[in-house]
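Trainee: Hi! Could you walk me through a structure today? I'd like to learn how to read one.

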Amino acid sequence: MSDTDRASVAVLRASVLKLARRLRNQRADETLSPTQLSVLGVLVAKGAMTPGELARHEKVQPPSMTRVIAGLEDRGLVRRDPHPDDRRQITVTATEPAAQVVAESRRLGNAWLAAHLEALSEDELAALRAAVPVLERLAQL
């Protein structure tokens with residue numbers, strides 16, 4: 001990797017982190033932590049999951065996920081149900097209020113981003129459009 005590539009990596013990392021932080025601040029319920037909102041987003045998108053599956057998906061330790069789930073359950077945003085195939089386990093499901101919070105948070109984030117994209121030139125927008133598939137692939141690695 002060249003010195004120029006290393007410098008680009010550093011700028012990309014810092015820019016992605018700053019953009020992610022600014023987008024995370026666009027949430028419908030500011031009393032929810034970014035982790036709680038992320039868990040709700042996963043449950044809304046993928047459906048019911050066990051706490052272990054959620055912990056692996058979010059890359060946190062199971063005890064941490066147990067605390068997150070408990071906090072969300074106390075607020076009526078998730079419910080615990082018996083696992084359909086394994087009586088020793090439970091599944092966690094997002095409630096309708098959770099789906100509304102996730103949808104509104106996404107709407108707010110999209111609106112914030114769209115408003116800020118208006119400040120870009122046509123060439124910058126074209127470059128961004130071209131970069132979207134690459135950023136998507138990088139996010140999946």
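Mentor: Happy to! Let's begin with a term: helices here are DSSP runs of H or I with at least four residues, numbered from the N terminus. Keep in mind that this is a predicted model.

Trainee: Okay, so which helix is leucine 138 found in?

Mentor: Leucine 138 sits in helix α6, which spans residues 122–140.

Trainee: And how accessible is leucine 138?

Mentor: Its relative accessibility is 48%, so leucine 138 counts as partly exposed. The cut-offs are under 20% for buried and over 50% for exposed, with partly exposed in between.

Trainee: How far is leucine 138 from aspartate 81?

Mentor: Their C-alpha atoms are separated by 35 Å, and the two residues are 57 places apart along the chain.

Trainee: What about alanine 131, where is that?

Mentor: Alanine 131 is in helix α6. With 27% relative accessibility, alanine 131 counts as partly exposed. Its C-alpha atom is separated by 30 Å from that of glutamine 100, 31 residues apart along the chain.

Trainee: Let's switch to helix packing. How do people describe it?

Mentor: Two packed helices are described by the angle between their axes and the distance between the axes.

Trainee: Then at what angle do α2 and α3 cross?

Mentor: Helix α2 (residues 34–46) and helix α3 (residues 51–58) cross at roughly 115°, and their axes come within 11 Å. The two helices are therefore roughly perpendicular to each other. The crossing of α2 past α3 is right-handed.

Trainee: Which residues make that contact?

Mentor: From α2 there are Ser38, Val39, Val42, Leu43 and Lys46, and from α3 there are Leu54, His57 and Glu58. Sorted by type, the residues of this contact are four nonpolar, two polar and two charged.

Trainee: And how do α2 and α4 pack?

Mentor: Their axes are 10 Å apart, at an angle of about 80°. That makes α2 and α4 roughly perpendicular to each other. On the α2 side, Thr35, Gln36, Val39 and Leu40 take part, while α4 brings Met65, Val68, Gly71 and Leu72. This contact has five nonpolar residues, three polar and no charged.

Trainee: Back to α3 for a second. Which of its residues are buried?

Mentor: The buried residues of α3 are Pro51, Leu54, Ala55 and Glu58. They cover an arc of only 100° around the axis, which puts them on the same side of α3.

Trainee: Why would residues that aren't next to each other in a helix point the same way?

Mentor: An α-helix has 3.6 residues a turn, so residues three or four places apart point the same way.

Trainee: Nice. What covers the buried residues of α3?

Mentor: The cover includes α2, α4 (62–74) and β2.

Trainee: Something in β2, then: is threonine 93 buried or exposed?

Mentor: Threonine 93, which lies in strand β2 (residues 90–94), is buried, with a relative accessible area of 16%. Leaving aside residues up to four places away in sequence, threonine 93 touches Leu43, Ala48, Leu77, Val78, Arg79 and Asp81.

Trainee: Last one! What is the phi of lysine 59?

Mentor: Phi of lysine 59 is near 60°, a positive value in a residue other than glycine. Lysine 59 comes just after α3, in the loop between α3 and α4.

Trainee: And is lysine 59 buried or exposed?

Mentor: Lysine 59 is exposed, with a relative accessible area of 74%.

Key. Residues numbered from 1 in each chain as written. Predicted model: local features only at pLDDT ≥ 70, side-chain atom pairs only at ≥ 80, totals over all residues. Heavy atoms only, no water. Axes fitted to C-alpha atoms, helices over the stretch in contact; angles between N-to-C directions. Parallel < 35°, antiparallel > 145°, perpendicular 65-115°, else oblique. Left-handed = near helix turned anticlockwise from the far one by under 90°. Contact = heavy atoms within 4.5 Å. Nonpolar A, V, L, I, M, F, W, Y, C, P; charged D, E, K, R; others polar. Buried < 20%, exposed > 50% of the residue type's maximum accessible area, 1.4 Å probe, protein only. Arc of directions from axis to C-beta.
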